[in-house]
Amino acid sequence: MTMLVPILGDQLSASAAALTATDRRDAVVLMVEVADEATYVRHHPKKIAFIFSAMRHFADELRAAGWTVDYVCLDDPANTQNFDGEIVRAATRNAATGIVTVEAGEWRVLAMQQRWGTLTGLSCSILADDRFIDTRADFADWAQGRKRFVMEDYYRLLRRRTGLLMDGTNPAGGMWNFDSENRKAPKKGLAYPAPPHFTPDVITKAVLALVAARFGHHFGDLLPFGHAVTRAQALACLDDFIAHRLSQFGDYQDAMVAGQDHMFHSQLSPLINAGLLLPLEVCRAAEAAYRAGDVPINAAEGFIRQILGWREYVRGMHWICGPDYAARNHLGATRDLPAFYWTGDTDMRCLSQAIGATRRHAHAHHIQRLMVIGNFAMLIGVDPHQVHEWFLAVYDDAYEWVETPNVIGMSQFADGGVMATKPYAAGGAYINRMSDYCSGCRYKVKDRTGPDACPFNSLYWDFLARHRDLLGKNHRLLRMYDGWDRFAPAEQTAIRAQAAGFLARLPGKADGY
Ligand SMILES: Cc1cc2nc3c(=O)[nH]c(=O)nc-3n(C[C@H](O)[C@H](O)[C@H](O)COP(=O)(O)OP(=O)(O)OC[C@H]3O[C@@H](n4cnc5c(N)ncnc54)[C@H](O)[C@@H]3O)c2cc1C
Ligand code: SF4
């Protein structure tokens with residue numbers, strides 16, 4: 001009897017359900033690098049290199065632990081370059097008698113898994129992915145019958161269930177949520193400790209050469225490459241974050257500073273999403289630092305809420321919203337994504353900083369993604385599917401289960417308010433308050449009209465005016481519409497003309513995208 005155990009590139013955990021459910025003496029673990037997955041959107045070269053290198057290291061760790069691993073490299077001449085073809089080949093090659101796999105985090109790949117049994121003529125068990133803190137079924141129970149899916153309610157339920165940051169039945173520090181303390185603007189003189197950088201070993205160097213040759217033309221810098229690619233390195237990243245950055249994480253969570261691509265963020269999302277770290281162990285490490293008196297409660301709670309709250313919530317929403325979620329377009333947006341999303345070549349400093357970080361690291365922090373890159377795309381009315389494909393391609397932590405709710409729901413309001421109670425739309429004033437970008441920008445952040453006016457301002461008002469039919473009754477936007485109505489008609493006309501002029505000058509789609 002030989003069980004074939006396919007392990008996907010984001011299932012790199014020794015505790016993955018298919019591994020714990022199988023006897024290693026009767027199993028062959030299958031890991032495959034396929035071009036279809038690297039190119040169905042053109043992933044950032046650093047993201048591809050990170051995943052392939054982490055896969056190769058994980059395969060070695062499994063072998064060392066006594067597993068038989070059948071590993072198919074991208075440049076294997078017989079590689080069919082897609083999952084279905086490789087499953088069929090591997091089933092024959094290993095004379096498999098059955099398949100055990102963990103459900104993928106994407107509807108698209110789950111549909112493939114569901115046909116592997118038929119394709120091979122073997123029984124195929126698809127096990128639940130139990131590396132999350134909650135289960136899909138428990139989330140669905142929580143969501144059942146609710147009119148609104150409020151993240152904060154769900155987060156408190158998980159706090160109680162896990163005991164994280166709980167003193168008996170009460171929240172540690174006396175409050176559930178310290179967000180009001182976590183919106184500090186950046187101040188001068190802060191020191192930003194750099195996250196760890198790992199010198200590529202021989203495995204990573206081989207992957208880098210392969211990725212440069214095959215995917216070097218994709219958007220993004222492959223080098224320098226310093227990602228953690230093993231469980232041990234991932235744990236070192238966790239320790240480093242807890243020791244050096246967590247204490248300031250809360251205060252400056254929403255801040256942006258020119259030239260500071262990481263600030264006090266953890267950079268742990270690619271590692272957690274690929275399975276090198278488990279979300280609960282990350283939360284427990286942050287809680288332990290708080291209990292030891294090393295970090296304040298607003299930092300520990302703010303950080304734990306991102307994982308226990310937001311991460312679990314978006315995962316649950318992804319599954320209950322169904323496979324068509326990525327096609328939603330509530331605001332009817334049709335514009336092409338401007339070419340500078342693929343180059344960073346724009347005179348708007350906020351966008352060039354955020355896209356530049358993305359190009360360099362395959363990473364940008366949350367407020368850059370939400371309030372700069374996503375906000376701008378929504379204000380100018382980009383087709384949300386193009387925005388979705390861009391976010392999926394360029395970030396090292398992007399998989400559909402986490403990317404689509406964040407992009408289609410939170411950032412583009414394309415689901416009509418399932419995820420967010422109002423669109424995350426903002427003019428230049430917000431970016432100016434939370435960053436130092438505007439002081440060095442060629443545009444004047446306080447101006448709404450005129451040749452030097454910050455484009456975000458007229459675009460913001462134009463967005464609200466344009467979508468009044470759909471958004472005008474949203475109670476969270478009433479104050480904004482009041483503001484618009486207080487402008488004199490001539491001012492309203494001038495603002496909308498300014499926006500129209502800007503939109504007419506915007507570059508179109510990048511060649512090849
Ligand atoms: C438009 C948009 C797209 C995004 N796309 C992704 C994506 O593809 N993959 C992804 O992992 N995150 C995504 N996020 C969420 C968030 O921006 C990233 O998780 C975060 O920037 C990762 O960097 P970090 O590890 O330094 O995070 P930190 O700021 O240190 O936060 C700690 C952890 O909390 C979790 N987290 C925080 N916010 C979220 C969230 N909204 N959803 C899920 N997990 C969260 C992550 O695991 C992260 O590592 C997106 C957010 C927006 C607004
Ligand atoms: S002035 Fe406007 S375009 Fe320039 S950085 Fe500020 S918000 Fe961005």
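Which residues in α6 meet which residues in α13? In this predicted model, Arg136, Phe139, Ala140, Trp142 and Ala143 in α6 meet Glu312, Tyr313, Arg315, Gly316, Met317, Trp319 and Ile320 in α13. Sorted by class, this contact has eight nonpolar, one polar and three charged residues.

Two packed helices are described by the angle between their axes and the distance between the axes. For helix α6 (residues 136–143) and α13, the axes come within 9 Å and cross at roughly 80 degrees, which makes α6 roughly perpendicular to α13, since angles of 65 to 115 degrees count as such.

Helix α13 (residues 297–321) also gives the largest nonpolar core its largest share, eleven residues. That core has 155 residues, and those with the most contacts inside it include Met31, Leu246, Tyr313 and Phe376. Tyr313 is thus named both among these residues and in the contact of α13 with α6. Leaving aside residues up to four places away in sequence, Met31 touches a set of residues that includes Ile7, Leu12, Met55, Phe58 and Tyr71. A second core, separate from the largest, includes Ile87, Ala91, Val109 and Met112.

The two cores can be set side by side:

| Core | Size | Some of the residues named |
|---|---|---|
| Largest nonpolar core | 155 residues | Leu268, Tyr341, Leu351 |
| Second, separate core | 18 residues | Ile87, Val109, Met112 |

The residues around ligand 2 include Met348, Arg349, Cys350, Gly428, Ile431, Cys438, Cys441 and Cys454, and the elements that give two or more residues to this shell are α14 (349–361) and α18 (428–434). By class, the shell has nine nonpolar, one polar and one charged residues.

Technical notes. Residues are numbered from 1 along each chain as its sequence is written. Chains are lettered from A and ligands numbered from 1 in the order in which they are written. This is a predicted model: local features need pLDDT of at least 70, side-chain atom pairs count only at pLDDT 80 or more; totals for chains, interfaces and linings use all residues. Side-chain values use heavy atoms; hydrogens and water are left out. A nonpolar core is a set of buried Ala, Val, Leu, Ile, Met, Phe, Trp, Tyr and Cys residues joined through side-chain atoms within 4.5 Å. Buried means under 20% relative accessible area, exposed over 50%, partly exposed in between (1.4 Å probe, protein chains only). Helices (H or I, at least four residues) and strands (E, at least two) are DSSP runs, numbered from the N terminus. Contact means heavy atoms within 4.5 Å. A residue is near a molecule or strand if one of its heavy atoms lies within 4 Å of it. Ala, Val, Leu, Ile, Met, Phe, Trp, Tyr, Cys and Pro count as nonpolar, Asp, Glu, Lys and Arg as charged, and the others, Gly among them, as polar. Axes are lines fitted to C-alpha atoms, for helices over the stretch in contact, and angles run from 0 to 180 degrees between N-to-C directions. Angles under 35 degrees count as roughly parallel, over 145 as roughly antiparallel, 65 to 115 as roughly perpendicular and the rest as oblique.
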